[in-house]
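Here are a few notes to read alongside the structure as you look it over. Please take them one at a time.

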Amino acid sequence: MRAYHRRVVELRSMTIDDVALLVRWDDDSDVAAAIGGRGADWYDWPAELVRDVPWRELLIVEEDGRPIGFLQLIDASEEESHYWGDIEPRAWALDIWIGSPDDRGRGVGAEAMKLALGRVFDQHDAEMVVIDPAVDNRRAIAFYERLGFERVGVRKFGDDECLVMRLLRRSTD
């Protein structure tokens, strides 16, 4: 008889102890491409961690207690930069990446997304989740479509041409 290990994927709040890991992940070419080529200068992580804002959660994805990814949840109508422009209340945005190439393509990202979507819809009472992969990131777009996201349209965010996608609460009930 063969024994199977069921992995445990969880989300936890990011801490200052995670900064070195995030900086290393940010420099990975796939991660940098996913965040618009910004690499490790995407955020001043130590400064962002001490800011307590009600419209954002910075989370670490763990598999069996080992950090493997990053997840950011943002109230798109309340966040300070107005990145999403005029968007209806109760719309949340999501950023996710799996840090190491060895941890990608194993289903952990899908499990983390399900946890994140549950958190946004249940804890934050969102009506919609939006996401903005680069238009040429076919792998990410297909991943989001498998999770139920629908294409809204192409939009330019700064220098990045992105495909805006959304998932409505009713499609997850």
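The points below go from the whole chain to one helix, one residue and one pocket.

1. **Ground rules.** This is a predicted model, in which local features need pLDDT of at least 70 and side-chain atom pairs count only at pLDDT 80 or more, while totals for chains, interfaces and linings use all residues. Residues are numbered from 1 along each chain as its sequence is written, and side-chain values use heavy atoms, with hydrogens and water left out.

2. **The chain as a whole.** You will find 5 helices and 7 strands in the protein chain; these are DSSP runs numbered from the N terminus, helices being H or I with at least four residues and strands E with at least two. Their order from the N terminus is β-α-α-α-β-β-β-α-β-α-β-β. Of the 173 residues, 46% are buried (under 20% relative accessible area with a 1.4 Å probe, protein chains only; exposed is over 50%, partly exposed in between).

3. **Helix H5.** Have a look at residues 138-146, which form H5; Ala140, Ile141, Phe143 and Tyr144 are buried there. They sit on the same side of the helix because they cover an arc of only 160° around the axis, taken from the directions from the helix axis to the C-beta atoms. The face turned away from that buried side carries the exposed residues Arg138, Arg139 and Arg146. The cover over the buried residues includes strand E4 (91-98), helix H4 (108-123), strand E5 (128-131), strand E6 (150-157) and E7. After H5 comes glycine 148, with a positive phi near 105°.

4. **Arginine 169.** Is this residue, in the segment after strand E7 (160-168), buried or exposed? Arginine 169 counts as buried because its relative accessibility is 16%. Its side chain makes a polar contact of 3.1 Å with that of aspartate 125 (N or O atoms within 3.5 Å; within protein, one must be able to donate a hydrogen and the other to accept it, and residues adjacent in sequence count only if both atoms are side-chain atoms). Leaving out residues up to four places away in sequence, arginine 169 touches Arg90, Phe121, Asp125, Ala126 and Glu127, contact being heavy atoms within 4.5 Å.

5. **A pocket lining.** Helix H3 (45-50) and strand E2 (56-63) each supply at least two residues to the lining of the second largest pocket. E2 gives the most, with 4 residues. For the terms: on a 1 Å grid over the protein atoms alone, a pocket is an open set of points where a 1.4 Å probe fits, with protein on both sides within 12 Å along at least five of seven lines, and lining residues have an atom within 4 Å of a point.
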